[in-house]
Amino acid sequence: MQPSIGLPLSSTSFCKLLIVEDEYIIANDLELILLQAGYSIIGIADSVAEALTFMEQEQPDIVLLDIYLKGNETGIDLAKQLEGRGIPFIYISANDNRRVLEAVKATQPIGYIVKPFREKDILTTLEISRYRQAHSAELRLREEKALQIALTDALSEPVSWEQKLLSAARVFQPHVPFDFLTVSYQKNGTAHSFNFYRVGFDEYQIPSLDDLRQVTSTTVGELAQAPADSVADGPTRYSADTFAALGKRNRQVQALAAAFRLESALVMPLHVGQIDRFVITFMSRTADTYQSRHNNLLERLEQPIVLMLERVFAFEEVARLSEQLKRENTYLQEEVKTLVNFEEIIGRSQRLLQVFDQVTQVANTDTTVLILGESGTGKELIARALHNLSARKDKILVKINCAALPATLIESELFGHEKGAFTGAFEKRIGKFELAQGGTIFLDEIGEMPLELQAKLLRVLQEKEIERLGGKTLIRTNVRVIAATNRQLEKEVAEGRFRMDLYFRLATFPITLPSLRERPGDIPLLAQFFAQKSARKLGKPYHGISDAALNELIRHNWPGNIRELENVIEQAVIINDGYTPLSLGRPLVNSLLAMSCPVSQVPSASDYPAQGQSAMSAPRDLQDVKQIQQDTEREYILSVLKQTNGRIRGSGGAAERLNLKPTTLEYRMEKLGIRKVLATQFPTASSGDR
Ligand SMILES: Nc1ncnc2c1ncn2[C@@H]1O[C@H](COP(=O)(O)OP(=O)(O)OP(=O)(O)O)[C@@H](O)[C@H]1O
């Protein structure tokens, strides 16, 4: 028999029915009618247990079920399970008890046929139900498609995560209602948590973890504990006892439930690539808010949402990498990266070879290294060699000179700042630690770091986490730290200028560079190396170094070490006539008095010739004139530095007095071999200026 109302539905034989009926005659009668109408029957069950067994073998499209069955369980119990599995069902019953009928209605059947039934009743009800099913399925698909599009739009907005998720929460509300929504995930070891509290029809409050901590009297750690820690895979509903049990396992749920009078939850853990535990938790003030249709909807949305999130995270990563590239590029433009390995480090002395051994030993570990040695002994060169010989060599080496920055700026320079963190912080700024992510940071002149900042640096070394100035989140860092100083740190510690705990942390692996005095044997090698380099740079022929000059170089005391030697050789190349071996042009002892030694140790004005005179006799040629100019400039800068107690930058600093940019002054000082020293090292006028 064909369906009587002739609706445009697919053939009845594709529709599989399960009959759940304990009266044998009725069940048989039903089967006969349905088979004749062309339906497929997957089985006749007389109890809930048997019905479930049939369903395990094959899923029916519609279930026809009686209310009272064999065994303790009724058709209403089975109906609840069918609803959970999304299988439509029609009751066939003679029961007209009001209470039972109320319970039947609550299970949301797609039809109800009263016994005794006629063939026509059965077939018409089935036909109408199938039509409604097909129609509502189409409607549901359309609705879900619209929901997916709205979610994609919300998550793709070029705004913060908080705003993206708020838009997504608004999209969810009509489909999966909530009074409180939390979204939490872990990315690169950092926990992120967003909370949305509904306070009006379309009004939400976004309490921060700190706000919640106060309202709920919990710790931030407890609040960040996502409920997925305690639930199975897939969306799971909790109400009454199960909600209370979830609260016992999870402090976050318990605290929020108590503070916001929540009574049920629907927890959706998602497996988003690269992200640990992405969890969306819908919570409601009503115990029976979450039904199987919500679970089913979230199950169907799970994959599309995961794909959306993966795309958003991937975009974010691309944006982050391109930002990082931009930053590295800017940095590299300032900092010409020299590829240093041992071949470029000149010297064969025993002391230097010991240093090479130490470098080889520690380079390929992540151990913090402290490089000690007088000024100009090659500490930066060794830091670069350590980086270039490590597994981090393809990542960036970021150098920061702790002495070159005013104390107020070092913190933001190292750790960055958020927009508005302090007056003048107009833009968010990434610090050098973040810039060095995956690579190495070289903290030069660490002995000059202000005490307050030493504590922060210690925390970074211990916790491997930084916090931007004015920022709220901790950022995990993976940076190898190399520090250097020409100060005696033990003495600094003893005098209370350097934290002992930081000293021990830094000095895990100390490398001490020998001064040039301790390796005079390397002087000829170095001198020749620098002479060739300078001659190449200046485009002059090179005929070696005269014996007299070499002897003098070996005998000299070299307070400024290799940098000083390099400067002396460069000057010798400049004054060389291009035909004869290099000579020094003037006695080393006098000409170097003011070079490369700390400003505090420079000789007083009386140690110098009177203005207009030079240490040499009358200038012989243009080079001599240049030399005199340099000496005069050096003297003048030194005298100004003395007046400013060594301070270069800021109001009243040497740069301002000389009407130069601080960086230009520093460049000139470097060229002239004047070392920077801390203001405290500099004798003040009141303490008796020499
Ligand atoms: N062994 C070496 N071979 C070749 N050049 C060297 C060597 N050691 C140092 N130099 C050169 O000497 C100069 C000073 O070295 P570097 O800046 O590394 O010293 P430093 O100890 O870090 O000085 P400071 O304490 O003043 O920062 C640089 O131009 C460096 O290239």
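1. Ligand shell. In this predicted model, 16 residues surround the ligand, and Ile346, Ser375, Gly378, Lys379 and Glu380 come nearest. By class, the shell holds 4 nonpolar, 7 polar and 5 charged residues.

2. Where the shell comes from. Helix H13 (379-388) supplies at least two of the shell residues, and helix H21 (561-575) likewise supplies at least two. At the domain level, residues come from both domain 3 (342-514) and domain 4 (520-681), so the ligand lies between these domains.

3. Helix pair H5 and H6. Helix H5 spans residues 119-156 and helix H6 spans residues 161-172. They pack at an angle of about 165°, and their axes are 8 Å apart. Angles over 145 degrees count as roughly antiparallel, so H5 is roughly antiparallel to H6. Their crossing is right-handed.

4. Contact residues of the pair. H5 brings Leu147, Ala150, Leu151, Ala154 and Leu155. H6 answers with Lys164, Ser167, Ala168 and Val171. The contact of H5 with H6 counts 7 nonpolar residues, 1 polar and 1 charged.

5. Backbone points to check by eye. Two places deserve a look. The peptide bond from Lys115 to Pro116 is cis, with omega near -10°. Pro116 sits in the loop between strand E5 (111-114) and H5. Gln108 has a positive phi, near 55°, and is not a glycine. Gln108 belongs to the loop between helix H4 (98-106) and E5. For context, most peptide bonds are trans, and most residues other than glycine have a negative phi.

Key: Residues are numbered from 1 along each chain as its sequence is written. This is a predicted model: local features need pLDDT of at least 70, side-chain atom pairs count only at pLDDT 80 or more; totals for chains, interfaces and linings use all residues. A residue is near a molecule or strand if its C-beta atom, placed from the backbone, lies within 6 Å of it. Helices (H or I, at least four residues) and strands (E, at least two) are DSSP runs, numbered from the N terminus. Ala, Val, Leu, Ile, Met, Phe, Trp, Tyr, Cys and Pro count as nonpolar, Asp, Glu, Lys and Arg as charged, and the others, Gly among them, as polar. Domain bounds come from an automatic or database domain assignment. Axes are lines fitted to C-alpha atoms, for helices over the stretch in contact, and angles run from 0 to 180 degrees between N-to-C directions. Angles under 35 degrees count as roughly parallel, over 145 as roughly antiparallel, 65 to 115 as roughly perpendicular and the rest as oblique. A crossing is left-handed if the near helix is turned anticlockwise from the far one by less than a right angle, and right-handed if clockwise. Two residues are in contact if their C-beta atoms, placed from the backbone, lie within 7 Å.
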